[in-house]
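Could you walk me through this protein, starting with its sheet and ending with the spaces inside it? I would like to follow along with the model open on my screen.

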Amino acid sequence: MQYRVLGKTGMEVSRISFGGIPIQQLNQEDSNKLIEKALEQGINFIDTARGYSVSESLIGGALQGKRQQVFLATKSMARDKEGFKQDIEISLNNLKTDYIDLYQLHNITNLQEFEKVMAKGGALEALQEYRDKGVIKHIGITSHSVDIIEKALEYDVFETIQYPYNAVETQGSELFRKAYEKNIGIIGMKPFAGGAITNARAALKFILQNQHITCAIPGMCSIEQLMDNIKAIDEMPLTQAEKEALSKEASELGERFCRRCGYCQPCPKGINIPVVFVMESYYKRYNLMEWAQTRYDSMPSKASDCEKCGLCETRCPYQLPIREMLESVKDTFEK
Ligand code: SF4
Ligand code: SF4
């Protein structure tokens, strides 16, 4: 394993770390085995979220007696101070710990949300209060928007940023350089582009070649996946054949690949466009059918609510055929 200091946190973390989304599919016993194996392989950073259903509790259970070996991160979508404080308490309880190494503002999607979390009574105050008490050690932010991360870099508050980076989503490269120069730790999320990139090892090698990225956090739910991911470290650098295969996959994804930037929002019918696409991706690629279907069913507006006004398509910087793509979402979830 290779390690790198995660920016201002000063903590050395494994360059291949552990993303906490797919573990939701496992039971406690299999989670214990997977995490034990991950630690044995030198992984020392685990990232989860309040929003990943049972992920925090499974990880908390698996870390009983091993808490000190891990730099543990989670995050909350709450935007106000009180809601965020409640989430921190739930995380502590789920993770069965009395401190969390890194707590992040989760998925800030637009400037209004950013202003809300930074304002008086906003989520940041909760994080600072808990950091002053020593319960939270470090503060970070996650987003899929270049604008938000750009904005966050103007403040001397965040010790880490978490942003997508992979062979088809390289739009953050310039931001990473800026963050790196400010000694902010850079956590590359979505290393497989939401499961769209099938060659996991090549995908990870591509990310690790970027010297600005501190670590990648591939989601894993089997020991086989874990071991395959780990091999990327030993097999560096990326070969010419892998480079070509990644470019081929990237060009095949082409037009119909949502980068979750959120620029298409808001939809007058209330459809959360990037989220319904993510749900479809979880359903089809991560094999999280039941989980994705439940999430989709609980959404107030569905793909079938689209009145095909086309407004979203005028805003999408990738010129995605959103209306057509929503038809596929409808076929997946609303059969
Ligand atoms: S085309 Fe459909 S999804 Fe797009 S903005 Fe209009 S109603 Fe919303
Ligand atoms: S549909 Fe386009 S604008 Fe909307 S989130 Fe996806 S990539 Fe961004």
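Here is a short tour of the sheet, the domains, the pocket and the cavities.

Please keep in mind that this is a predicted model. A good place to begin is the domain assignment, which gives domain 1 (3-246) and domain 2 (273-333). If you mark the C-alpha centre of each, you will find that the centres of domain 1 and domain 2 lie 25 Å apart.

Now turn to the sheet. Eight strands make up an open sheet with parallel pairing, and their order is S3-S4-S5-S6-S7-S8-S9-S10. At its edges are strand S3 (18-19) and strand S10 (215-216), each of which pairs on one side only. Within the sheet, strand S5 (residues 71-76) and strand S6 (residues 100-105) run parallel and are joined by four bridges. To find a specific contact in this pair, look at threonine 74, whose bridge partner in S6 is tyrosine 103.

Strand S8 (residues 160-164) deserves a slower look. Is this strand mostly covered or mostly open? It is mostly covered, since five of its five residues are buried, where buried stands for under 20% relative accessible area. In a regular strand, side chains alternate between the two faces of the sheet. For S8, Thr160, Gln162 and Pro164 lie on one side while Ile161 and Tyr163 lie on the other, and both faces are covered.

S8 has a partner on each side in the strand order. Strand S7 (residues 136-142) runs parallel to S8 and is joined to it by three bridges. In this pairing, isoleucine 141 has isoleucine 161 of S8 as its bridge partner. With strand S9 (residues 185-189), S8 pairs in the parallel sense over five bridges. There, tyrosine 163 stands opposite glycine 188 of S9. To get from S8 to S9, the chain passes through helix H7 (residues 173-181), and this β-α-β crossover is right-handed.

Next, the open space. The largest pocket holds about 900 Å³. Which residues come closest to its centre? They are Met77, Asn107, Thr109, Asn272 and Val275, out of 38 residues that line the pocket. Helix H4 (111-118), helix H6 (146-152), helix H11 (273-285) and helix H12 (289-298) are the elements that each give two or more residues to this lining. The largest share, five residues, comes from H11. Sorted by class, the lining of the largest pocket has 17 nonpolar, 14 polar and seven charged residues. Domain 1 and domain 2 each supply at least three residues to the lining of the largest pocket.

Finally, look for the enclosed spaces. How many cavities of 30 Å³ or more are there? The count comes to four. The second largest cavity has a volume of about 90 Å³. Its lining has 15 residues, and the closest to its centre are Cys267, Pro268, Cys306, Cys309 and Cys312. Helix H13 (residues 311-315) gives the most to the lining of this second largest cavity, with three residues. By class, that lining has 10 nonpolar, one polar and four charged residues.

Note on methods:
Residues are numbered from 1 along each chain as its sequence is written. Chains are lettered from A and ligands numbered from 1 in the order in which they are written. This is a predicted model: local features need pLDDT of at least 70, side-chain atom pairs count only at pLDDT 80 or more; totals for chains, interfaces and linings use all residues. Side-chain values use heavy atoms; hydrogens and water are left out. Buried means under 20% relative accessible area, exposed over 50%, partly exposed in between (1.4 Å probe, protein chains only). Two strands pair if DSSP finds at least two bridges between them. A crossover is right-handed if, with the strands pointing away from the viewer, the path from the first strand over the helix to the second runs clockwise. On a 1 Å grid over the protein atoms alone, a cavity is a set of points where a 1.4 Å probe fits but cannot get out, and a pocket is an open set with protein on both sides within 12 Å along at least five of seven lines; lining residues have an atom within 4 Å of a point. Grid points are joined across faces, edges and corners, and a volume is the space filled by probe spheres set on the points. Ala, Val, Leu, Ile, Met, Phe, Trp, Tyr, Cys and Pro count as nonpolar, Asp, Glu, Lys and Arg as charged, and the others, Gly among them, as polar. Domain bounds come from an automatic or database domain assignment.
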